[in-house]
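Here is a short tour for a reader new to this structure. Keep the 3D view open while you read.

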Amino acid sequence: MHPPRHGDDETDPRMKILMATAEYAPLAKTGGLADAVTGLARALSDRGHDVRVLLPRYAEARTAPVSTVGRAAGAEILEVRRLDADESASPRVYLADAPELASSASIYAGDERDAASFIRLSRAALELGKALGWRPDVLHCHDWHTALVPALAEARGSDRRATLLTVHNLGYQGIFGEQVLAANAAAELEPLRAQRERTQHTVNFLDLGIRFADAITTVSPTYAREIQRPELGMGLDETLRARGDALTGILNGVDYRLWSPETDSFLGAHFTREATDGKGLVKRALEAELGLPPGDGPLIGCVTRLVWQKGIDVLAAALPALLDATAARFALLGSGEPELETALADLARRHPARIAFRRGYDEGLAHRILAGSDFVLVPSRYEPCGLTQLYALRYGTIPIVRATGGLADSVRHFDASAGTGNGSVFEHADVGGILWGVTTALGWYADAEAWRTLVDNAMAADFSWAHQAPEYEALYERMLSVSRRASRP
């Protein structure tokens, strides 16, 4: 049973929320997970809640100014100072520092060292409140890295908190061989031992989190439905259907303090919905930065991980046909599977006036591509939420997306006659689907009146966390209301 909030004071509207995560911007970021957790934590802090964040102290975070505040699960707990200019409305961020939490040069080792790291982090999340003299109402865990928290809390039994697990991408589950149990022996790992018997001597962190969390969210309503079906359930659809009453889809939001054409520090010029001239300046500067010849023709950006999920193999197959059928140029940024990196680099080498490809991730260049392009292409096979299209809309950059997950929830196909919609939505994750989506969008680009309406619709869209955070507040309140009822005789 979960105790009431704030020492039995049920009139205090604030909640104490601990978020346990592998990534938090700008301390540790490989993609959208960091942006989503950071945006939600800041939005809840802005709304007056006492939000704390715990993540490992990776090598790349060792330059952050910190002070030691205690120990939890054998790790030194360090509080980070001044991540935001306005500290009064900022989450308090803590780093757990122990040898296994920085066992590789990057955030993820990609092997069983990750199991040891995130078992330690999950234990530290359970013990952090005691170390700080602070008692969270809700333990909010993100993705497989901290999905053990609900299972470990259940195993410990005493002093339970309400536990929420957010699944940002079901494709990453934290599956390891049973030897991680011997390497991390403890009675509280009994849930993993029981799971091993069901799963042919493997352990699956995310599966345990789904089974034991009090509530589960994922990052769009459509994705919440999709993952309960075998096609996108990644082997966990049966478990998710069994927990369907506890599963909610809440679309991610955007922190417009970081992603806005009026103030973006990565841009050499700024613009607004009412005065868009600066976008042309950003586009010209982007072309020069990428070595593309300037022109009035459409520029299509793509900022993504180069993996099967994102449909980049299909994009590589479609690019020759797109070059033949259209006058579009392409600005591509990303890293991932070596064969996809090689394919895009080869296309850019063969078509230097039409395709620019930058391997890796560059935060500033990502902003400039999303701000300076006319379109952004997101051809994902599946997409839990997608932040790229949400960022792009703010800059008047029109999304061309496949109808899946959060892409389907945030982009509405433009109807030029009615003047409604904000992008191009295609159905099939194949070359024909991409060709249809792009050529349809380019038709609007060629129609000055339709284009003005479409860009205005895009920039008017509001996906700020101010709209999304209240859904989490309401869910926390429901969880705590249930726990208060359960605690009464």
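## Helix 9 and what follows

Helix 9 covers residues 277-290, 14 residues in total, and spans 21 Å from its first C-alpha to its last, close to the 20 Å expected at 1.5 Å a residue. The model is predicted. Which residues of helix 9 are buried? They are Gly278, Lys279, Val282, Lys283, Leu286, Glu287 and Leu290. These buried residues pack against three strands and two helices: strand 12 (299-306), strand 13 (329-336), strand 14 (355-359), helix 12 (363-372) and helix 15 (431-445). After helix 9 comes glycine 291, with a positive phi near 80 degrees.

## Two arginines

Now step back to the loop between strand 11 (247-249) and helix 9, where arginine 273 lies. Another loop, between strand 15 (375-378) and helix 13 (388-394), holds arginine 381.

Are these residues buried or exposed, and by how much? Arginine 381 counts as buried because its relative accessibility, 19%, is under 20%. Arginine 273 has a relative accessible area of 37%, so it is partly exposed.

Both side chains make polar contacts. The table lists them by partner.

| Side chain | Partner | Distance and citation |
|---|---|---|
| Arginine 381 | Backbone oxygen of tryptophan 308 | 2.8 Å |
| Arginine 381 | Side chain of aspartate 313 | 2.8 Å |
| Arginine 273 | Side chain of aspartate 456 | 2.8 Å |

The wider surroundings can be listed too. Leaving aside neighbours within four places in sequence, arginine 381 is in contact with Trp308, Gln309, Lys310, Gly311, Asp313, Val314, Arg402, Thr404 and Ala429. With the same neighbours left aside, arginine 273 is in contact with Asp456, Met459 and Ala460. How far apart are arginine 273 and proline 261 in sequence and in space? They are 12 residues apart in sequence and 8.8 Å apart in space, C-alpha to C-alpha.

## Cysteines

Next, look at two cysteines. Cysteine 141 is buried, because its relative accessibility is 1%. Cysteine 302 has a relative accessible area of 4%, so it is buried as well. How many disulfides are counted? The count comes to zero.

## Pocket and cavities

Turn now to the open and enclosed spaces. The largest pocket holds about 1200 Å³ of space. It is lined by 50 residues, and the closest to its centre are Thr30, Gly31, Gly32, Leu33 and Arg305. Which elements give two or more residues to this lining? They are helix 1 (32-46), strand 12, strand 13, helix 12, strand 15 and helix 13. Strand 12, strand 13 and helix 12 are also among the elements that the buried residues of helix 9 pack against.

How many cavities of 30 Å³ or more does the structure hold? There are three. About 80 Å³ of space lies in the largest cavity. The lining of the largest cavity has 14 residues, and those nearest its centre are Asp35, Gly39, Asp255, Leu258 and Tyr391. Helix 1 gives the largest share of this lining, with five residues. Helix 1 also lends two or more residues to the lining of the largest pocket.

Notes:
Residues numbered from 1 in each chain as written. Predicted model: local features only at pLDDT ≥ 70, side-chain atom pairs only at ≥ 80, totals over all residues. Heavy atoms only, no water. Helix = DSSP H or I, 4+ residues; strand = E, 2+ residues; numbered from the N terminus. Buried < 20%, exposed > 50% of the residue type's maximum accessible area, 1.4 Å probe, protein only. Polar contact = N/O pair within 3.5 Å; in protein donor to acceptor, adjacent residues only side chain to side chain. Contact = heavy atoms within 4.5 Å. Disulfide = S-S within 2.5 Å. Expected span 1.5 Å × (residues − 1). 1 Å grid on protein atoms, 1.4 Å probe; cavity = no way out; pocket = protein on both sides within 12 Å on 5 of 7 lines; lining within 4 Å. Points joined across faces, edges and corners; volume = space filled by probe spheres on them.
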